[in-house]
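Take a walk through this structure, starting with its strands, then a helix, then the ligand and the chain as a whole.

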Amino acid sequence: MNRPLPPAGTRSPDIAVRPLQENELSAADHVMRLAFGTFLGLPEPTAFMGDANYVRTRWRTHPAAAFGATADGEFVGSNFATDWGSVGVLGPLTLHPDWWDRGVGQRLMEPILDCFDRWGTRHAGLFTFAHSPKHISLYQKFGFWARFLTLILSKPIPSEPVEPAGGGFRWTRFSEAPGYERESLLLGCRQLTDTLYAGLDVGSEVRAVADQGLGETVFLWDDGRLVGLAVCHGGPGTEAGSGVGYVKFGAVRPRPTAGPDFGRLLDACEAWAAERGLSRLVAGVNTARHEAYRRMLERGFRTDLQGVAMHRPNEPGYNQPGVYLIDDWR
Ligand SMILES: CC(C)(COP(=O)(O)OP(=O)(O)OC[C@H]1O[C@@H](n2cnc3c(N)ncnc32)[C@H](O)[C@@H]1OP(=O)(O)O)[C@@H](O)C(=O)NCCC(=O)NCCS
């Protein structure tokens, strides 16, 4: 940036916010790493996230829900919306540090809320830094309210993972399903998540993983009935990074055996990660999903990072006791 910036605390009049273009992805990726790395005080800010990535993958998943901001034609920041049916997730919102505190972050919130209006989103959420008054206050201006902590946990993958098969249980992979079965699997996913929160649908994540080769969606079956699913990223260029498996979304059907089912779903994720040669499994959980969180601790997961979930409206959504679900909204 080689021209004088408007002073911090003033509004920047010459900011344009519009859909993120493919030729801006490198700039958006750079700014995202620089912004987080600077905020977190990393010695080399752009090393944030290593070879993991979400700017490119989210843009490819839904280009019309990715937005960029420019100042006099220079790229300064981006924000993303994710459509999970009745649920909408926003972020990451990131801005070049030279432009912080001039109202540009707020400008990048506007098109996201327009997406949620257009999609008929009933419950919107985000993950942010619980210790930052600025972050909490910024999102509060748009009707998001801080609720429970969300923890990002991880554990080493056992060299000989437990097979979740046996009894009537087995697990399968979306990538193995022939084309003609995929729509019915996506329907099964939607029906399962609908029982946890009406209208919740993570089909776009299942498709993104398959189409972009980001990992695998794992299904857990009990006597032929779908009882769980987990959308997993793995390796470089995905939201996981080298050597890592990341459960972006996982859930089991609500029923009396949901607790043990949840354990079996995690067994399936670990078995998949081991077979891919990954050494760590990362998964996030909101602490309002108390039983799910406790099961993860019992299985050896430990917290690496914590933030807070902010909800719009200020209602629990699916962050409730008894809901066995993995996600972190990052
Ligand atoms: C978070 C981020 C996008 C915000 O962008 P920004 O352009 O600096 O934010 P804005 O200037 O639009 O808004 C900040 C608001 O918070 C307010 N604020 C700042 N500090 C505050 C405090 N301690 N208490 C209350 N409000 C505070 C500001 O006054 C401003 O509101 P106002 O315009 O009504 O005065 C930017 O700082 C960033 O990229 N950070 C690093 C990456 C990151 O953390 N992203 C968010 C991940 S959830």
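Begin with strand β7 and strand β12 (residues 280–286): the two run antiparallel and are joined by seven bridges. To find the register, look at T150, which stands opposite N286 in β12. This is a predicted model, so read every position here as a prediction.

Strand β7, residues 145–156, has another antiparallel partner, strand β13 (residues 302–312). That pairing extends over eight bridges. Here the register can be read from S154, which stands opposite R302 in β13. Keep a general point in mind when viewing such strands. In a regular strand, side chains alternate between the two faces of the sheet.

Now turn to helix α6, residues 203–212. Which of its residues are buried? They are E205, V206, A208 and V209. Viewed down the axis of α6, these buried residues fall within an arc of 165 degrees, so they line one face of the helix. The general geometry helps here. An α-helix has 3.6 residues a turn, so residues three or four places apart point the same way.

What covers the buried residues of α6? The cover includes two helices, α2 (55–61) and α5 (179–194). It also includes the strands β9 (215–222), β10 (225–235) and β11 (241–252). Just after α6 comes G213, with a positive phi of about 60 degrees.

Next, the ligand. There are 21 residues around it, and those that come nearest are W100, G105, P133, K134 and S137. Several elements each supply at least two residues of the shell: α1 (25–39), β5 (94–95), α3 (104–119) and α4 (133–140). The largest share belongs to α4, with five residues. By chemical class, the shell divides into 10 nonpolar, eight polar and three charged residues.

Finally, step back to the whole protein chain. Its secondary structure comes to eight helices and 14 strands. The radius of gyration is 20 Å, close to the 20 Å that the globule rule gives for 330 residues, so the chain is as compact as a globular protein of that length. Along the principal axes, the C-alpha atoms fill a box of roughly 70 × 40 × 35 Å. Of the 330 residues, 44% count as buried. Contacts tell of links along the sequence. Among those with a separation of 6 or more, 71% are between residues 24 or more positions apart.

Note on methods. Residues numbered from 1 in each chain as written. Predicted model: local features only at pLDDT ≥ 70, side-chain atom pairs only at ≥ 80, totals over all residues. Near = placed C-beta within 6 Å. Helix = DSSP H or I, 4+ residues; strand = E, 2+ residues; numbered from the N terminus. Nonpolar A, V, L, I, M, F, W, Y, C, P; charged D, E, K, R; others polar. Buried ≥ 20, exposed ≤ 12 C-beta atoms within 10 Å, placed from the backbone. Arc of directions from axis to C-beta. Contact = placed C-beta atoms within 7 Å. Rg over C-alpha atoms; globule rule 2.2 N^0.38 Å. Pairing = 2+ DSSP bridges.
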